[in-house]
Amino acid sequence: MAIDPSRVCVRAFKLNDADDVLLWAGDDRVTQNTRLKTCGSKEEVLAFIRDEWIYPLWRSICLDDRSIGIVWVLPWPGEERYRADLGYALGANYWGQGIATTVVRIVLSQVFHHFPYLKRLQAFSYVHNKASQRVLEKVGFHREGVLRKFFLRNGNLEDLCIHSFLPTDQIIY
């Protein structure tokens, strides 16, 4: 069942989000498909909010202003700054309700204004994560292919799908 998109927002993290964040960031089901580390304590969450999940664009996914996930855009440095990586994670209780799709649309409507030098936004997903691939394609990302043995996770080289969105692409609503 889809959630009313007007209840969803993307905003900066606040320290008082820590208890809500621990619910999803402490869940291996949520972090297993991301590069995020599973948090084991409120103190660990507070350290991430305070020290790591800050600008350029690490934002809390909120439902009724309660943190239920994270979305980030990480521009590449130096001469590669024309591109950025998009990632997101959502609490398992909120999967399959249209929230991730709403959030990616929100980010797409803002990212090229926040970073006017960007010419490419790209997103990676594990080959087995079909739900994430579907989210990206529903909003207008183009699947470019599979990067074989691309990412080292838990001692194993994993295949990743890569999708891209350019400033000239259209967001699909």
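In these legends, a residue is buried if its relative accessible area is under 20%, exposed if over 50%, and partly exposed in between. Keep in mind that the whole thing is a predicted model.

**View 1. The protein chain as a whole, with five helices and seven strands.**
Start at the N terminus and walk along: the elements come in the order β-α-α-α-β-β-β-α-β-α-β-β. The chain's radius of gyration is 15 Å, close to the 16 Å that the globule rule gives for 173 residues, so the chain is as compact as a globular protein of that length. Along its principal axes, the C-alpha trace spans about 40 × 40 × 35 Å. Of the 173 residues, 48% are buried. Now pick out contacts between residues at least 6 apart in sequence: 61% of them join residues at least 24 apart.

**View 2. An open sheet of seven strands, with a helix packed on it.**
Read across the sheet and you get β1-β2-β3-β4-β5-β7-β6, with mixed pairing. The edges belong to β1 (8-11) and β6 (142-153); each has a single partner strand, so one side of each has no neighbour in the sheet. Ignoring direction, neighbouring strands are turned by 30° against each other on average. Helix α5 (residues 130-139) packs on this sheet and touches β4 (83-90), β5 (120-126), β6 and β7 (156-165). The direction of α5 makes about 15° with that of β7.

**View 3. Strand β2 between its two partners, β1 and β3.**
What holds paired strands together? In general, strands of a sheet pair through backbone hydrogen bonds, either parallel or antiparallel. Here, β1 and β2 pair in the antiparallel sense over four bridges, and arginine 11 stands opposite serine 60 in β2. Strands β2 (residues 58-63) and β3 (residues 66-75) are antiparallel too, over six bridges. Look for tryptophan 58 opposite tryptophan 72 in β3, and for cysteine 62 opposite serine 67 in β3. The two strands β2 and β3 make a hairpin with two residues between them. In that turn, aspartate 64 has a positive phi of about 55°.

**View 4. Strand β2 again, this time for its burial.**
How many of the six residues of β2 are buried? Six of the six are, so the strand is largely enclosed by the rest of the structure. Both faces are covered. On one side you'll find Trp58, Ser60 and Cys62, and on the other Arg59, Ile61 and Leu63.

**View 5. The buried side of helix α3.**
In helix α3 (residues 42-52), find Val45, Phe48 and Ile49, which are buried. Why do these residues sit on the same side of α3? They cover an arc of only 95° around the axis, and that puts them there together. The neighbour that the buried residues of α3 pack against is α1 (18-25).

**View 6. A salt bridge from helix α1 to helix α3.**
The side chains of aspartate 19 and lysine 42 meet in a salt bridge, 3.4 Å from N to O. This pair links distant parts of the chain, with aspartate 19 in α1, lysine 42 in α3, and their positions 23 residues apart. Both ends are partly exposed: aspartate 19 has 48% relative accessibility, and lysine 42 has a relative accessible area of 34%.

**View 7. A salt bridge from helix α1 to strand β3.**
Here aspartate 20 meets arginine 66, side chain to side chain, at 2.3 Å from N to O. Aspartate 20 sits in helix α1 and arginine 66 in strand β3, 46 residues apart, so to speak a link between distant parts of the chain. Is aspartate 20 buried or exposed? Its relative accessible area is 13%, under the 20% cut-off, so aspartate 20 is buried. Arginine 66, at 48% relative accessibility, is partly exposed.

**View 8. The salt bridge between arginine 11 and aspartate 17.**
The structure holds 12 salt bridges. In this one, the side chains of arginine 11 and aspartate 17 meet at 2.9 Å, N to O. Both arginine 11 and aspartate 17 are buried.

**View 9. Glycine 140 in the loop between α5 and β6.**
Glycine 140 counts as buried, at 7% relative accessibility. Which residues does glycine 140 touch, not counting those up to four places away in sequence? They are Phe165, Gln170 and Ile172. Asparagine 154 is 14 residues from glycine 140 in sequence, yet their C-alpha atoms are 31 Å apart in space.

Notes: Residues numbered from 1 in each chain as written. Predicted model: local features only at pLDDT ≥ 70, side-chain atom pairs only at ≥ 80, totals over all residues. Heavy atoms only, no water. Pairing = 2+ DSSP bridges. Axes fitted to C-alpha atoms, helices over the stretch in contact; angles between N-to-C directions. Contact = heavy atoms within 4.5 Å. Buried < 20%, exposed > 50% of the residue type's maximum accessible area, 1.4 Å probe, protein only. Arc of directions from axis to C-beta. Salt bridge = Lys/Arg side-chain N within 4 Å of Asp/Glu carboxyl O. Rg over C-alpha atoms; globule rule 2.2 N^0.38 Å.
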